[in-house]
Amino acid sequence: MSAEIRLFRCLQDNYGVLIHDSETGATAAIDAPEAAPVEAALKETGWKLTDILVTHHHHDHVGGIEALKSKYKCRVVAPAGEATKIPAVDETVREGDKVSVGKLSANVIETPGHTLGHIAYWFHGAKAAFVGDTLFSIGCGRVIEGTMDQMWDSLKKLRDLPDETAIYCGHEYTLANIKFALSIEGGNAALLARADEAKKQIDAGTFTIPVTIGEEKKANTFLRADAPEVAAAVGLAGAPANKVFAEVRERKNKF
Ligand code: ZN
Ligand code: FE
């Protein structure tokens, strides 16, 4: 089994990504922000699109589905909780389900908060997780449909993935996230190192993702809501982690 992953930019600041099983030729797009960049990536790689795995219903993640499906006749897999808001769905999945892409296999992890039905796809064999708008590098998604508690629980589920798991998120927000995170914990050495690295990546015109869960655990303030330093930094020393998370997320909304 061997997985290849191709990452590319879409729309304003979205990421598109393909995962390809070199043994069977199967290729999945995780979300489809728009059709043209997905087609361009298929052309460059010579891969044929067999599946689209959707994380959530927002337009910047599903806008390209109909055009791609009519061209490639690919299967569209979507979260059960919001399948009615997503075009051309063939299969719905929920927590604990497995999705095959050729011989590659992904576990479905429900991560409500940004939207209520949001899911992530964890390809354990490929050591990669596609997390949509739940977790960003040094950030997390806005809590739009769910509650702060749901989002904190969802982030903890992703944090529990093996440290070596490569995280692919839905947007390039890293520099803005770092600016905010430094306003909370400017003394975090892992965050300062990440700030250096991300600036170099952006200056070089490359991507700031993927990033591993192990790295994010140390540098992402949202994943550190149960660290005493973060609680103290937002004036909530000793408070439960869900309260600290909510405070950090509120501050980011206003930043
Ligand atoms: Zn979204
Ligand atoms: Fe998005």
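So, a donor here means an N, O or S atom within 2.8 Å of the metal, and since water is not among the atoms, sites may look incomplete. Keep in mind, too, that this is a predicted model.

Okay, the iron ion, ligand 2. Asp60 and Asp133 each give an OD and His61 and His171 each give an NE2, at 2.1 to 2.3 Å. Along the chain, those donors are spaced D-H-x71-D-x37-H. What about the geometry? The four donor atoms subtend angles of 84 to 171° around the iron, which makes the arrangement irregular.

The iron has company: the zinc ion, ligand 1, sits 3.1 Å from it, and Asp133 coordinates both. Now look at where the aspartates come from. Asp60 is in helix 2, while Asp133 is in the loop between strand 10 (128-132) and strand 11 (135-136), so the pair ties together parts 73 residues apart in sequence. And is Asp133 buried or exposed? Buried, with a relative accessible area of 3%.

Next up, helix 3, residues 65-72. Its buried residues include Ile65, Leu68 and Tyr72. They cover an arc of only 75° around the axis, which puts them on the same side of the helix. That fits the textbook picture: an α-helix has 3.6 residues a turn, so residues three or four places apart point the same way. Over on the other side of helix 3, Glu66 and Lys71 are exposed.

What do the buried residues of helix 3 pack against? Helix 2 (59-62) is one partner, along with helix 1 (35-45), strand 4 (51-53) and strand 5 (75-79). And right after helix 3 comes Lys73, with a positive phi, near 55°.

Terms used. Residues are numbered from 1 along each chain as its sequence is written. Chains are lettered from A and ligands numbered from 1 in the order in which they are written. This is a predicted model: local features need pLDDT of at least 70, side-chain atom pairs count only at pLDDT 80 or more; totals for chains, interfaces and linings use all residues. Side-chain values use heavy atoms; hydrogens and water are left out. Buried means under 20% relative accessible area, exposed over 50%, partly exposed in between (1.4 Å probe, protein chains only). Helices (H or I, at least four residues) and strands (E, at least two) are DSSP runs, numbered from the N terminus. The arc is that of the directions from the helix axis to the C-beta atoms. Contact means heavy atoms within 4.5 Å. Donors are N, O and S atoms within 2.8 Å of the metal (3.2 Å for Na, K and Ca); water is not among the atoms, so sites may look incomplete. Four donors count as tetrahedral if all angles lie between 85 and 135 degrees; four count as square planar and six as octahedral if opposite donors are over 155 degrees apart and all others between 65 and 115; anything else is irregular.
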